[in-house]
Structures are given as C-alpha cells and as structure tokens.
Amino acid sequence: MKRVVYSMEPVGRTGGRVYLRMLHEVTADDVEWRTVPDHKRTYRVRRWRKLRHLARLAPSIRALEGTTGTFVWDDLSLLLFTPEMRARTVFLLHHYEPLQHDSAPIEAMLWQRLFRVLPQCAAVVCVAPYWADFLQARGVRNVRVIYNAFDMTEVEQARGFDRAECRAEFGLPPDVIGVYAGKAVHWKGAEQVSAALAGTPGLRVITSGSNTIGLDSTHYDVERERYLRLLCACDVGVFLPRMREGWSRCAAEALLLGLPCLIRPVAGLGDLAALTGQPAPDLDRLSAQIPERAAARHIEAKAAYEALARFDLNYFGNAWGNLLAQVA
C-alpha cells in the first residue's frame, strides 16, 4: 500500500518546482501524492502576492488538519500548520533571499517566524551545505542535504547532440564564443555579464528563460530539448548572481553538458563551484577570462561531469525514499 504524502502542486519552471516535480516522479511507485494549489504564481501583480497566497490557502490547510499521512512542504504556509502537522512534515528549503520579498516588511517577519518553527518539523531538507549551515545556526538541528538531481539518460542524449548543428541552429559562427549567462530574470546577474562584455568582438552573450528584466541580448525562451541544444551550442557559462541561490540547476546542467564555467561563489553556488572546481568571474577582466575558460573545455569537462553525474535519479530516489519512510 502506498504511503500518502501531501505537497504543494509542482507547477512552474523555477528550480524549486523542477525539484518537487522530480520528487513526485521518482517516488511515484511508493507514494500517493496529494497536492494543494500553489496560488502565488497566479498573480500578475507581485506586491503582496505571498500574503494573498496565504489568505487564499488557509481553508485548504485547515482541511488537512484531520488527515493522516505526511507532508513535504516548501512554502511559508507551513506557518498555518498545527504543531501536530509540522511533526510529520519534511520541510524543503531551497534558499532564503530577501531580494525576492514581494510583501515587505511583513514577509521578513513571516520568514523569521518560519525559522523559529522549523525545529518542530520531522526533518528539513536543503539542496546545498551552505543552507544546512544557515539553518543549523538558527537552531534547526535535523537538517539533511539532498542535492538537485539530474536525469542522466537525458544528459547523455544531450551530450550526444551534434555541436556544429546546434551552433548553426542558434546562429553561432565558428569564430564566436557563445557565453551562456543563465536565466534573464531578476538578481541572477545576466545584465551584469551582458554589460561587462558589450562590444567585445568574438563573444556573444546568450540567455534563456522568461526575460523578466527586458535584457537586450541574444535571448531564447524555449522548451526543454531546445534549451539543452542551446547549452550544447555555447562554449562557456558565466553565473554572476546577486541573490543567494540554492544550487543552481542552470549552472549544473551547463557543467554536465561540458561547458567550463565562471561562478560567483555565493551561497549554494559556492558549494557547486567548489565541488566542480570552477573559478570565480572577475568583471574587470571577464573578456579575457572567457577565452581562457573556452580553451579549457576539453581538459576540465570530464572532472566536472564526474563530480555531478553521481547525483542521478537513483541517488535522489533513494535519499528521499529513505527519508519519507523514516518520517512515516
């Protein structure tokens, strides 16, 4: 008989939604997942978005009070849980970044309250050691790190793409270095990379995602396979976030597909950079660093790949399966 686990609905393209969707998929044989709608991404106006989300979600949380089963929760609405519900909850923290607050100043107070109640949970999962340390410093003891995982069958297929065809598909001539700067969204640093390299001959900055910052560069908002073909076409990844991220899926996938990277070691990205041996970008000499990194493609690709390839679906399924069994 399958165990019942409740979570927010894993709808969306953010790294957190991808992680939760993957968790649903790898545990589907053993877990009956029941979901609650995630309203906060349905509001066009960001201001007070999380507060509207919490108010709208409150009746659904109250309806869960009498249920059995466990919870995997990654949302501020944990504050609406009873202590008994938290005692059978695995809370999933990807990161905490005040830059993303849409309901200041109240949101900051809600997060501080969240940190105070997390010790009531059966366990807390982070995606990088930085965040485990962050929570332990705030008195949360039962913290585990379960990294982002990757479908290595998909990765191997992407590594087999014809690179010349991919470059032609995205208009990259042989004498141009394609610089993948990640998602063109707020606080990820794509605009800084673009500004630092503006006018540099032989380099082309390429971004992906929804382009919420209106970046005027070579940008693609494409489905999954074309995104992987885009990574295959590029030569170097540069990740320059202002925000404290979890463990950047974009950067990790770029490394898995053979791109040497320059990674600002902020929060979880620092863990990723250390694990894979990637240096930090220097804005004052970025245009010189990039050809150097492009030349290292064949030398370094194997080591970075091997460092990340162990985080496959088996690793992910075993880590989460064991944890959910313990909590149940």
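Q: In what order do the five strands of the open sheet stand?
A: In this predicted model, an open sheet is built from five strands with parallel pairing. Strands of a sheet pair through backbone hydrogen bonds, either parallel or antiparallel. The order here is β9-β8-β7-β10-β11.

Q: Which strands stand at the edges of this sheet?
A: A strand at the edge has a single partner strand, so one side of it is left without a neighbour in the sheet. Neighbouring strands of the sheet are turned by 25° against each other on average, direction ignored. The strands at the edges are β9 (218–220) and β11 (261–263).

Q: Which residue in β10 stands opposite V179?
A: Strand β7 covers residues 177–183 and strand β10 covers residues 236–239. These two strands pair in the parallel sense over two bridges. Opposite V179, in β10, stands V236.

Q: Which strands does helix α9 touch where it packs on the sheet?
A: Helix α9 runs over residues 224–233 and packs on the sheet. Its direction makes about 160° with that of β8 (203–208). The strands touched by α9 are β7, β8 and β9.

Q: Is R229 buried or exposed?
A: R229 is found in helix α9. Leaving aside neighbours within four places in sequence, R229 is in contact with F161, E165, C166, E169 and F170. A residue counts as buried under 20% relative accessible area. R229 has a relative accessible area of 16%, so it is buried.

Q: How far apart are the end C-alpha atoms of helix α13?
A: Helix α13 has 13 residues, 297–309. At 1.5 Å a residue, the helix should span 18 Å. The value in the model agrees with this: the end C-alpha atoms are 17 Å apart.

Q: Which elements are included in what covers the buried residues of α13?
A: The buried residues in α13 are R297, A301, A304, Y305, A307, L308 and A309. An α-helix has 3.6 residues a turn, so residues three or four places apart point the same way. The cover over the buried residues includes α6 (152–159), α7 (163–169), α9, α10 (249–256), α11 (268–276) and α12 (286–295).

Q: Which element gives the largest share of the lining of the second largest pocket?
A: This pocket, the second largest, has a volume of about 170 Å³. Its lining residues include A158, R159, R297, H298 and A301. The elements that give two or more residues to the lining are α6 and α13. The largest share, three residues, comes from α13.

Technical notes: Residues are numbered from 1 along each chain as its sequence is written. This is a predicted model: local features need pLDDT of at least 70, side-chain atom pairs count only at pLDDT 80 or more; totals for chains, interfaces and linings use all residues. Side-chain values use heavy atoms; hydrogens and water are left out. Two strands pair if DSSP finds at least two bridges between them. Helices (H or I, at least four residues) and strands (E, at least two) are DSSP runs, numbered from the N terminus. Axes are lines fitted to C-alpha atoms, for helices over the stretch in contact, and angles run from 0 to 180 degrees between N-to-C directions. Contact means heavy atoms within 4.5 Å. The expected span of a helix is 1.5 Å times one less than its number of residues. Buried means under 20% relative accessible area, exposed over 50%, partly exposed in between (1.4 Å probe, protein chains only). On a 1 Å grid over the protein atoms alone, a cavity is a set of points where a 1.4 Å probe fits but cannot get out, and a pocket is an open set with protein on both sides within 12 Å along at least five of seven lines; lining residues have an atom within 4 Å of a point. Grid points are joined across faces, edges and corners, and a volume is the space filled by probe spheres set on the points.
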